[in-house]
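Good morning, colleagues. Please look at the sequence and the model on the screen, and I shall then take you through the main elements in turn.

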Amino acid sequence: MEFNDILRKRRSTRRFSSTQVKQEDLDDILLAGLSAPIGSNLNRDIHITVLQDADIMQKLCAAQEVRMKDRDLARKIKGDVVSAGNEQPVPLPFYGAPTVIIVSHRAQTIQPGIEYANATSVVHTMHLAATAQGLGSVYVWGIFEAMRMNPEMDCTSLLKLPDTFSPLMGLMVGYPEKPLVLRDIDEKKFPIVYLR
Ligand SMILES: Cc1cc2nc3c(=O)[nH]c(=O)nc-3n(C[C@H](O)[C@H](O)[C@H](O)COP(=O)(O)O)c2cc1C
């Protein structure tokens, strides 16, 4: 697929078929993740989990389910999704995506914040790779944030991460209920200012 078409087809998919992603497609997505630039040579501080276990998925989503019962907060966090009526009536864990690729990072003291930039670099590269294959995908952040905000419901131990690693974000991947279509890029999405 042409790069410009990948950009125009990329979107957040929130309805997936239950069919598992083919292993060779998943391998390509993971390889794309490994191609991502990582700041401060922190490659060894990144950990990827490929989650395909429905039981663990359900448990990881429990804190988010509770948090989203606060409709005002949900509207603020998921503004466009809630107001466009794009929510699933009974939300499935991870929107029913059969695979979730989770990016965890060791906490940083020298350059706090770089772990989120690194995780985004990996997730976004995989998001574009999934799009190039016609697969649906969407970032996952809220589920991990909900567990950070509610330690009593924190199930990250189920991920069996090495010590001092935390799941920061991820990518849900699967076959989209509706195929990805080209759309225009909004040239006024945010301001671009030249200083020259
Ligand atoms: C850092 C980041 C975190 C996100 N977290 C979530 C999330 O937890 N759940 C979700 O459904 N979408 C999440 N998204 C997707 C955005 O909601 C989505 O990109 C935005 O609504 C624009 O829609 P589009 O991707 O179709 O252009 C996230 C996106 C980014 C960049």
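Which residue takes a positive phi just after helix 6? That residue is Gly134, with a phi of about 75 degrees. Please bear in mind throughout that this is a predicted model.

Let me stay with helix 6, which runs over residues 114-132. Helix 6 has 19 residues, and from the first C-alpha to the last it reaches 27 Å, close to the 27 Å expected at 1.5 Å a residue. Its buried residues are Glu115, Asn118, Ala119, Val122, Val123, Met126, His127, Ala129, Ala130 and Thr131. A general point helps in reading such a list: an α-helix has 3.6 residues a turn, so residues three or four places apart point the same way. Which elements cover the buried residues of helix 6? The cover includes helix 1, at 3-9, and helix 2, at 23-34, together with strand 1, strand 2, strand 3 and strand 4.

I turn next to helix 3, residues 54-67. At 1.5 Å a residue, its 14 residues should span 20 Å, and the end C-alpha atoms are 21 Å apart, which agrees. Helix 3 nevertheless contains a kink of about 35 degrees, centred on Cys61. Cys61 is also among the buried residues of this helix, along with Met57, Leu60, Ala63 and Gln64. Strand 1 (46-51), strand 2 (99-106) and helix 7 (142-149) are included in what covers the buried residues of helix 3.

Let us now consider the strands. Strand 1 and strand 2 pair in the antiparallel sense over six bridges; within strand 2, Ile101 is the residue that stands opposite Val50. Strand 2 also pairs with strand 4, again in the antiparallel sense, over eight bridges. Two positions may help you to locate that pairing on the screen: Thr99 stands opposite Val173 in strand 4, and the bridge partner of Ser104 in strand 4 is Pro167. Strand 4 has a further antiparallel pairing, with strand 3, over five bridges. Here Met172 of strand 4 is the bridge partner of Val138, while Ser137 stands opposite Val173. Val173 thus faces Thr99 as well as Ser137.

How many residues of strand 4 are buried? Eight of its 10 residues, over 165-174, are buried, so strand 4 is largely enclosed by the rest of the structure. Strand 3 is likewise largely enclosed, because four of its five residues are buried. Strand 2 is mostly covered, with seven of its eight residues buried.

Strand 3 brings us to the ligand. The shell around the ligand takes its largest share, three residues, from strand 3, which covers residues 136-140. There are 10 residues around the ligand, and Arg11, Ser12, Tyr139, Trp141 and Gly142 come nearest. By class, the shell comprises four nonpolar, three polar and three charged residues.

Next, the segment after strand 4, where Tyr175 lies. Is Tyr175 buried, exposed or partly exposed? Tyr175 counts as partly exposed, because it has 19 C-beta neighbours inside 10 Å, and 20 would be needed for a buried residue. Leaving aside residues up to four places away in sequence, Tyr175 touches Phe16, Ser17, Thr19, Leu135 and Gly136. Tyr175 and Val21 are 154 residues apart in sequence, yet their C-alpha atoms are 7.1 Å apart in space.

Finally, I return to backbone angles. Most residues other than glycine have a negative phi. Asn41 has a positive value, with phi near 55 degrees. Asn41 is placed in the loop between helix 2 and strand 1, and it counts as exposed because it has 7 C-beta neighbours inside 10 Å. Lys160 is another non-glycine residue with a positive phi, near 50 degrees. The loop between helix 7 and strand 4 holds Lys160. With 8 other C-beta atoms within 10 Å, Lys160 is exposed.

To close, I would ask you to retain two points. Strand 4 pairs in the antiparallel sense with strand 2 and with strand 3. Strand 3, in turn, gives the shell around the ligand its largest share of residues. Thank you for your attention.

Conventions
Residues numbered from 1 in each chain as written. Predicted model: local features only at pLDDT ≥ 70, side-chain atom pairs only at ≥ 80, totals over all residues. Expected span 1.5 Å × (residues − 1). Bend = angle between axes of the 7 residues up to and from the residue. Buried ≥ 20, exposed ≤ 12 C-beta atoms within 10 Å, placed from the backbone. Contact = placed C-beta atoms within 7 Å. Near = placed C-beta within 6 Å. Nonpolar A, V, L, I, M, F, W, Y, C, P; charged D, E, K, R; others polar. Pairing = 2+ DSSP bridges.
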